[in-house]
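This report describes two pockets and a metal site. Please keep the model in view while reading.

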Amino acid sequence: MIVILKKSATDEQIENVLKHLEYFGFSTHNIAGDDYIAIGAIGVKPNFDVRKIQILDGVVSVFRVSDQINLAARKSENDSTTIKVNNVTIGGNEIIVMSGPCSVESEDQIFRIAKIVKDNGVKILRGGAFKPRTSPYSFQGLGEEGLKYLKSAGKEYDLPVVTEVTEINKIELIDRYTDIFQVGSRNMQNFALLRELGIGNKPVLLKRGFSATIDEWLMSAEYILSGGNENVILCERGIRTFETSTRNTFDLSAIPVIHQRSHLPVIADPSHATGMRDKVIPMARAAVAADADGLMIEVHYDPINAMSDGPQALLPEQFASLMNQLRQIAEVIGRSIGEIKLEKTF
Ligand code: PEP
Ligand code: MN
């Protein structure tokens, strides 16, 4: 930690700061400067509240040097975590696309969409059964019935599935049906839920809260990791800013920032980030170019009648064409996206 004091700080003020730092267990070193007085405070205290020093008379600012992020932090260049979900590896060279409808609406709907996405090289099927809607009057999901349809569609098309868990008392139920737990934006700081998911080892897809800084997001990952579950996948899904032209502001730069700071895989969700299908396409391309380890994209064959998020769902033909473009972008940066396994018709 570096403590900067006013050039005009009195000897008593400097003495007082030194006394406090020592009291809190830091060893101190004066750093000479012409325009300022600085004290280097040595000692790793990840949870130290720097305001305890910032509040002292004569102090201008306090900078933390060591990172509070521990288990989620990248320790070396080659320390990238890969997460296995059945025969799919997330965080490796292949960019994993997770697609499906926003909500599971019926057995027929999820089976139809599972086939569409599978035919286009998708590796993981998504679909919400418990929907955390902003309004209590909006469609809340089919619940367990939806989970059953999702799991059987995944089985039929050999796709692991991801679905959202919104509360602790649903973990056990959802665990029976899903391969990956999704923690949505609205629950990123539901620490009790994160702790509970940290006890098992089923992968957790942790979406960024729409008002969360990257530090807060990594701290939430830390909650899961510190319980012993090492399988955390981060997902950038847009943050709330003053801009209203898109549903959220897609923080694309979060992807290289996460890669630099953390060993965890990071995927991008241009569907929830932009909220409109015409914006989803260019931002999905951009996310691949930005080195995302995967994408989450909503797809629907009848978006006008979708029970949730229809306007941001890609139509099947748009999705097919996007996947072809993404494959080419991936190749340019030395990565790949699931090849389409064409069924033999002869
Ligand atoms: C979702 O993926 O279905 C969802 C609700 O996303 P988010 O939590 O990012 O809003
Ligand atoms: Mn949605």
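Helix H5 (171-175) and helix H6 (191-199) each contribute at least two residues to the lining of the second largest pocket; helices are DSSP runs of H or I with at least four residues, and strands are runs of E with at least two, numbered from the N terminus. This is a predicted model, in which local features need pLDDT of at least 70 and side-chain atom pairs count only at pLDDT 80 or more, while totals for chains, interfaces and linings use all residues. Residues are numbered from 1 along each chain as its sequence is written, and ligands are numbered from 1 in the order in which they are written.

A pocket is an open set of points on a 1 Å grid over the protein atoms alone, where a 1.4 Å probe fits, with protein on both sides within 12 Å along at least five of seven lines; lining residues have an atom within 4 Å of a point.

| Pocket | Volume | Lining |
|---|---|---|
| Largest | about 260 Å³ | 18 residues |
| Second largest | about 190 Å³ | 13 residues |

Nearest the centre of the largest pocket lie Pro132, Arg186, Arg247, His272 and Asp309.

The manganese ion (ligand 2) has the protein donors Cys102 (SG), His272 (NE2), Glu298 (OE) and Asp309 (OD), at 2.0 to 2.3 Å; donors are N, O and S atoms within 2.8 Å of the metal (3.2 Å for Na, K and Ca). Cysteine 102 lies in the loop between strand S7 (94-100) and helix H3 (107-119), and histidine 272 in helix H9 (residues 270-274), so the pair ties together parts 170 residues apart in sequence. Cysteine 102 is buried (under 20% relative accessible area, 1.4 Å probe, protein chains only), at 5%. Histidine 272 is also buried, at 9%.

Methods: Heavy atoms only, no water. Points joined across faces, edges and corners; volume = space filled by probe spheres on them. Buried < 20%, exposed > 50% of the residue type's maximum accessible area, 1.4 Å probe, protein only.
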